[in-house]
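Colleague: I have the model open beside its sequence and would like to go through a few places with you. Shall we begin?

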Amino acid sequence: MLDTRRNCRFALLIAATFAHPALGAQESTAGPAVVLHAARLLDVDSGKMLAPGEILVRGERIAAVGSKVEHPADARVIDLGDTTLLPGLIDAHVHLFLHPGGEAEQTFNESVAERTIRATLAARDDLLAGFTAERDMGTEGADAADTAVRDAIDRGAIPGPRLRISGNAIDILGGHEDAIGLNPEQHALPNATRANSADELVAAIRGQVKLGADFIKIYQTGKDRIADGVFSTPFQFSQDELRAAVHEAARTGRRVAVHATGEPGAGFAARAGVASIDHGYQLGAETMKLMRERGIFTVPTFSVLEYFAAHAATPAAAERYRAIQTYHVAQFKLQLAAHVPIAFPHGTQAREFVLLVQYGMTPLDAIRAGTINAAKLLDWEHDVGRLVAGYYADVVAVPGDPLQDIGALQRVRFVMKGGVVFRQP
């Protein structure tokens with residue numbers, strides 16, 4: 001783990017890497033007011049499209065929203081033309097400390113210092129893509145390095161989204177992230193903190209809270225298997241063990257998210273009271289009912305499977321990923337019919353919006369998943385995810401009308417976070 005107490009010069013070197021043409025000058029709006037003007041503005045709660053749309057920003061917060069807002073004498077007006085103003089997008093499942101290609105190899109071969117530099121660059125790129133808030137779902141062996149990244153963003157030392165972080169996540173001996181398949185004589189370290197009982201879960205949670213975790217991430221299922229259309233995945237923690245984890249997290253005001261792709265592990269997690277079930281390829285009827293009643297989110301992940309299938313090491317592996325994706329799509333439609341709460345996931349960022357719509361969501365509901373729903377899951381529902389007075393001025397603009405072309409979210413032209421412009425045409 002990086003010792004942040006001795007890395008002042010390292011932080012300066014990282015800051016020097018952010019010469020990016022889309023960034024330009026990071027313009028603080030703490031002084032004069034700013035008025036954003038565009039052809040349209042989407043109210044994600046009602047689904048109403050205002051035309052035109054304007055936002056008055058004072059400091060880091062929104063002061064007014066409407067078709068026409070006050071234009072103070074000292075205000076700077078930014079005319080964004082034929083675009084639609086939206087709340088900053090929110091990704092509820094990212095791994096900033098991973099990059100595409102060979103996850104097991106990169107966590108084994110790359111130093112924590114290198115992976116932290118990559119994470120800072122990934123955070124910058126996510127922000128420029130319009131994602132102004134994210135939940136990082138585990139550093140995969142980089143321990144609490146995400147604490148340093150989050151804190152540097154909060155200080156304004158580096159550009160990036162608002163972050164909720166989980167540290168190293170938690171796994172069992174021989175579990176999903178325990179260096180399975182590598183030479184045991186090399187004693188490869190696991191990519192998660194190991195816990196094998198309720199007592200060890202509590203101890204691991206206390207350690208991660210000490211190191212700065214905002215929430216607790218637990219690997220609950222794996223390794224996934226599919227044969228002749230039948231999906232199966234072993235669970236890792238019992239319902240009682242997960243309940244102990246949820247209770248301990250709640251003691252410090254935190255919640256638990258689980259990697260759970262199927263039953264019975266997903267059901268154990270829902271009954272234990274977790275905040276979200278991520279991936280959720282397979283959710284039983286009882287689990288979906290409980291999730292709907294308790295407001296437990298599922299975070300589907302289509303684009304990552306799409307990527308894995310396209311870049312698989314062997315044809316057999318590609319076919320396995322395609323089979324799981326087909327199964328995931330069919331199950332997702334059942335989840336939509338059961339009205340399970342959906343929050344926006346990770347993957348190739350805004351590509352996920354396109355896939356959510358392709359597989360059954362309306363464009364408006366997909367946008368809600370990546371704004372108001374994700375904000376609620378991240379415990380920021382009173383600060384981000386909406387364009388309303390009093391919320392942070394986290395605003396993006398996309399060309400055209402995203403309710404007619406959800407792919408517009410892949411072409412973000414303007415990004416403001418907390419009243420600071422990070423991207424502008």
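Colleague: Where is V357 found?

Modeller: V357 is found in helix α11. Please keep in mind that this is a predicted model.

Colleague: Is V357 buried or exposed?

Modeller: V357 is partly exposed, because its relative accessible area is 23% and the partly exposed class lies between 20% and 50%.

Colleague: Which residues is V357 in contact with, leaving aside its neighbours within four places in sequence?

Modeller: V357 is in contact with T362, P363, A366 and I406.

Colleague: How many residues lie between V357 and M49 in terms of sequence separation, and what is the C-alpha to C-alpha distance?

Modeller: V357 and M49 are 308 residues apart in sequence, and their C-alpha atoms are 19 Å apart in space.

Colleague: Staying with helix α11, what does R351 form with E306?

Modeller: R351 and E306 form a salt bridge, with 2.8 Å between the closest N and O atoms. R351 belongs to helix α11 (residues 351-358) and E306 to helix α9 (residues 302-310), so the pair ties together parts that are 45 residues apart in sequence.

Colleague: Are R351 and E306 buried or exposed?

Modeller: R351 counts as partly exposed, at 25% relative accessibility. E306 also counts as partly exposed, at 30% relative accessibility.

Colleague: How many salt bridges does the structure hold?

Modeller: The structure holds 21 salt bridges. One of them joins the side chains of R206 and E248, at 3.1 Å from N to O. This pair links distant parts of the chain, with R206 in helix α5 (residues 198-210) and E248 in helix α6 (residues 239-251), 42 residues apart.

Colleague: What is the relative accessibility of R206 and of E248?

Modeller: R206 has 47% relative accessibility and counts as partly exposed, whereas E248 has 5% and counts as buried.

Colleague: And what about R271 and E286?

Modeller: Their side chains meet in a salt bridge of 3.4 Å, N to O. Here too the pair links distant parts of the chain: R271 is in helix α7 (residues 265-272) and E286 is in helix α8 (residues 285-294), 15 residues apart. R271 is partly exposed, with a relative accessible area of 26%, while E286 counts as exposed at 55%.

Colleague: Now a different charged residue. Where is the place of D171, and what is the nearest side chain of opposite charge?

Modeller: D171 sits in strand β11 (residues 170-171). D171 is buried yet has no salt bridge, and the nearest side chain of opposite charge is that of R194, 7.2 Å away. A salt bridge requires the nitrogen to be within 4 Å of the carboxyl oxygen, so the R194 pair does not count as one.

Colleague: What does the side chain of D171 reach, then?

Modeller: The side chain of D171 reaches the backbone nitrogen of H176 at 3.2 Å. In addition, a polar atom of the D171 side chain lies 2.6 Å from the backbone nitrogen of E177. Residues that D171 touches, beyond four places in sequence, include Y219, Q236 and F237.

Colleague: Let us turn to R162. Where is R162 found, and is R162 buried or exposed?

Modeller: R162 is found in strand β10 (residues 162-165) and counts as buried, at 15% relative accessibility.

Colleague: Which side chain does a polar contact join to that of R162?

Modeller: A polar contact of 2.8 Å joins the side chain of R162 to that of D394. Beyond four places in sequence, R162 touches several residues, among them W380, Y392, K417 and G418.

Colleague: What is the phi of G418 in the turn?

Modeller: G418 has a positive phi of about 60 degrees, in the turn of a hairpin formed by β20 and β21 with two residues between them. Strands β20 (residues 414-417) and β21 (residues 420-423) run antiparallel and are joined by three bridges. M416 stands opposite V421 in β21.

Colleague: Finally, what is the order of the open sheet of four strands?

Modeller: The order is β5-β4-β1-β6, with mixed pairing. The edge strands, β5 (61-66) and β6 (76-79), each pair on one side only. Neighbouring strands of this sheet are turned by 20 degrees against each other on average, direction ignored.

Colleague: How many bridges join β1 to β4?

Modeller: Five bridges join strand β1 (residues 34-38) to strand β4 (residues 53-58), and the two run antiparallel. The bridge partner of H37 in β4 is E54.

Key. Residues numbered from 1 in each chain as written. Predicted model: local features only at pLDDT ≥ 70, side-chain atom pairs only at ≥ 80, totals over all residues. Heavy atoms only, no water. Buried < 20%, exposed > 50% of the residue type's maximum accessible area, 1.4 Å probe, protein only. Lys, Arg positive; Asp, Glu negative; His and termini not counted. Polar contact = N/O pair within 3.5 Å; in protein donor to acceptor, adjacent residues only side chain to side chain. Contact = heavy atoms within 4.5 Å. Pairing = 2+ DSSP bridges. Axes fitted to C-alpha atoms, helices over the stretch in contact; angles between N-to-C directions.
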